[in-house]
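Walk me through this model, from its buried salt bridge to its nonpolar cores and its packed helices.

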Amino acid sequence: MNAADRYKFTEFGNEISFMPNYNFLKTLVWWLGLGIIALPVIIYFMDKMSADQFRTALIIWGIYMIYFLFDLFFRIPVKYIFNKSEKRIYRKLLFTKKIMSFDEMTYFINENNGGYFYAIGKKRNQFVKSYRISNYFSNSKISEKREEEYIREVLCPVLEAVGISFGQR
């Protein structure tokens with residue numbers, strides 16, 4: 001799977017769009033499936049547990065499922081749309097929201113807990129409010145290869161549309 005598929009990158013006429021969290025969908029569905037399978041297991045062992053243990057297991061299971069369902073409905077489907085004709089950037093979840101114009105945009109690398117990711121923000125306050133536009137990368141060989149693919153297939157076309165050259169921030 002190349003970077004364009006991992007990010008569901010599309011370039012259509014006056015519009016470039018991609019979903020930074022799209023590649024997590026397959027993994028998330030597996031974890032949700034595991035959570036669904038865990039409920040009958042918890043219920044099966046209900047007779048072998050005390051009421052407090054059963055209640056604790058159900059609470060943990062509930063928190064687990066809420067977390068993954070939240071990711072499924074509110075993090076995975078986030079799409080960034082770069083409209084070339086309007087020169088604006090939109091963030092689409094349930095509704096489309098204008099986040100900035102091309103002139104206001106800057107991109108940067110945000111380092112976090114031994115990993116890093118690419119983000120965009122307004123030039124004057126990019127560290128106050130920014131938007132993650134890539135997965136986390138590390139210094140491993142596989143991660144470096146994925147980063148090179150991301151830069152070549154997703155980031156460079158976006159920066160070219162915005163009018164920023166790669167390396168210029």
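**A buried charged pair**

Glu149 has a relative accessible area of 15%, so this residue is buried. The model is a predicted one. Which residue forms a salt bridge with Glu149? The partner is Arg6, and the closest N and O atoms are 2.7 Å apart. Distant parts of the chain are linked by this pair. Arg6 belongs to helix H1 and Glu149 to helix H4, with their positions 143 residues apart in sequence. Arg6 is buried because its relative accessibility is 9%, under the 20% cut-off.

The salt bridges number 5. Among them is the pair Arg55 and Asp52, whose closest N and O atoms lie 3.0 Å apart. Here both residues sit in helix H3, which spans residues 51-75. They are 3 residues apart, about one turn of the helix. Arg55 has 49% relative accessibility, so it counts as partly exposed. Glu153 and Arg152 form another salt bridge, with 3.7 Å between the closest N and O atoms. Glu153 is partly exposed, at 22% relative accessible area. Arg152 reaches 52%, so it is exposed.

Now turn to the nonpolar side chains. In soluble globular proteins, such side chains tend to be buried together. The largest nonpolar core in this model has 29 residues. Which of them touch the most other members? They are Phe18, Phe82, Met105, Ile120 and Tyr150. Several elements each supply at least two residues of this core. The helices are H1 (3-6) and H4 (141-162). The strands are E2 (15-18), E3 (79-83), E5 (96-101), E6 (105-112) and E7 (115-122). H4 gives the most, with 7 residues. Apart from this core lies another, of 5 residues. Leu28, Met65, Phe68 and Ile76 are among its members.

Take Ile120 as a view into the largest core. Set aside its neighbours within four places in sequence. Ile120 is then in contact with Phe82, Ile89, Ile99, Met100 and Met105, among others. Its contacts also include Thr106, Tyr107, Phe108, Ser130, Tyr131 and Ile133.

Ile16 offers a second view. This residue is found in strand E2. Is Ile16 buried or exposed? It is buried, with a relative accessible area of 0%. Residues up to four places away in sequence are again left out of its contacts. Ile16 touches Phe9, Thr10 and Glu11. It also touches Tyr80, Ile81, Phe82 and Lys84. Pro157, Val158 and Ala161 are further contacts of Ile16. Leu155 is 139 residues from Ile16 in sequence. In space, the two are 11 Å apart, C-alpha to C-alpha.

The last stop is a helix pair. Two packed helices are described by the angle between their axes and the distance between the axes. Helix H2 (residues 24-44) packs with H3 at an angle of about 160°. Their axes are 10 Å apart. That angle is over 145 degrees, so H2 is roughly antiparallel to H3. The crossing of the two helices, H2 and H3, is left-handed.

Which residues of H2 and H3 meet? On the H2 side they include Leu25, Leu28, Trp31, Leu32, Gly35 and Leu39. On the H3 side they include Phe54, Leu58, Trp61, Met65, Phe68 and Leu72. Leu28, Met65 and Phe68 are among the residues of the 5-residue core too.

Technical notes:
Residues are numbered from 1 along each chain as its sequence is written. This is a predicted model: local features need pLDDT of at least 70, side-chain atom pairs count only at pLDDT 80 or more; totals for chains, interfaces and linings use all residues. Side-chain values use heavy atoms; hydrogens and water are left out. A nonpolar core is a set of buried Ala, Val, Leu, Ile, Met, Phe, Trp, Tyr and Cys residues joined through side-chain atoms within 4.5 Å. Buried means under 20% relative accessible area, exposed over 50%, partly exposed in between (1.4 Å probe, protein chains only). Helices (H or I, at least four residues) and strands (E, at least two) are DSSP runs, numbered from the N terminus. Contact means heavy atoms within 4.5 Å. A salt bridge is a side-chain nitrogen of Lys or Arg within 4 Å of a carboxyl oxygen of Asp or Glu. Axes are lines fitted to C-alpha atoms, for helices over the stretch in contact, and angles run from 0 to 180 degrees between N-to-C directions. Angles under 35 degrees count as roughly parallel, over 145 as roughly antiparallel, 65 to 115 as roughly perpendicular and the rest as oblique. A crossing is left-handed if the near helix is turned anticlockwise from the far one by less than a right angle, and right-handed if clockwise.
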